[in-house]
Amino acid sequence: MTSTSTPPGLARFNALEEHAAFTALHEACASTAWAKRLLAARPYATPEALYAASDAAMAELTAQDLAEAMAGHPPIGRPKPGDPTSAREQRGMAGASDALKAEMLELNLAYQEKFGHVFLICATGRTGEQMRDAVRERIGNTPEREREIVRTELGKINRIRLARIVEED
């Protein structure tokens, strides 16, 4: 499936040996179930087909699968050292004031205590203030409501990360 309409990055992903493709997917999302579903549906004719498969797999993740996926994300304001992906995605916190960083730390801890996992938001393009406001708003959610918001946010993150795979030359 290497037609001229298939972007080079997608064609390369389709052609990867299974373990390498699984590794690439697992780096995009730490859910093994999600990665296996996307892997099983290869090859993809278009990026949109890959994104649709991602969305479908995301919709079917169990609470345990979501927990596994969330465990792959560092808290907002504390990207994993040496991880350019989380640093790039959390760029909005990079220039935040010390006061905002301290407030985010407190909010992250309160959120994690309430829900049992990190505060997950598609941080790409958001300012530190927007992320702070989002955690303030969402901390009042029920666990069930928050789980569905997390599922949606994780889906957005996965699409951005899959786009990077597809767009690589």
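User: Hi! How do the residues lining the largest pocket divide into nonpolar, polar and charged?

Analyst: Hi! This is a predicted model, and in it the lining of the largest pocket has seven nonpolar, five polar and seven charged residues.

User: Nice. How many residues line the pocket, and which lie nearest its centre?

Analyst: The lining has 19 residues, and Ala24, Glu27, Ala28, Thr85 and Arg161 are the ones nearest the centre.

User: And which elements give two or more residues to that lining?

Analyst: Those are helix H2 (18-28), helix H6 (84-89) and H10. The largest share comes from H2, with four residues.

User: How much space lies in there?

Analyst: About 370 Å³ for this largest pocket.

User: Switching to helix packing: at what angle do H5 and H10 pack, and how far apart are their axes?

Analyst: Helix H5 (residues 63-70) packs against helix H10 (residues 143-167) at about 55°, and the axes are 11 Å apart.

User: Why is H5 called oblique to H10?

Analyst: Because the angle is about 55°, which falls outside the roughly parallel range (under 35 degrees), the roughly perpendicular one (65 to 115) and the roughly antiparallel one (over 145), H5 counts as oblique to H10.

User: Is the crossing left-handed or right-handed?

Analyst: H5 and H10 cross in a left-handed way.

User: Cool, which residues make the contact?

Analyst: On H5, Ala63, Leu66, Ala69 and Met70; on H10, Arg147, Val150, Arg151 and Leu154.

User: How many of those are nonpolar, polar or charged?

Analyst: The contact of H5 with H10 has six nonpolar residues, two charged and no polar ones.

Notes:
Residues are numbered from 1 along each chain as its sequence is written. This is a predicted model: local features need pLDDT of at least 70, side-chain atom pairs count only at pLDDT 80 or more; totals for chains, interfaces and linings use all residues. Side-chain values use heavy atoms; hydrogens and water are left out. Axes are lines fitted to C-alpha atoms, for helices over the stretch in contact, and angles run from 0 to 180 degrees between N-to-C directions. A crossing is left-handed if the near helix is turned anticlockwise from the far one by less than a right angle, and right-handed if clockwise. Contact means heavy atoms within 4.5 Å. Ala, Val, Leu, Ile, Met, Phe, Trp, Tyr, Cys and Pro count as nonpolar, Asp, Glu, Lys and Arg as charged, and the others, Gly among them, as polar. On a 1 Å grid over the protein atoms alone, a cavity is a set of points where a 1.4 Å probe fits but cannot get out, and a pocket is an open set with protein on both sides within 12 Å along at least five of seven lines; lining residues have an atom within 4 Å of a point. Grid points are joined across faces, edges and corners, and a volume is the space filled by probe spheres set on the points.
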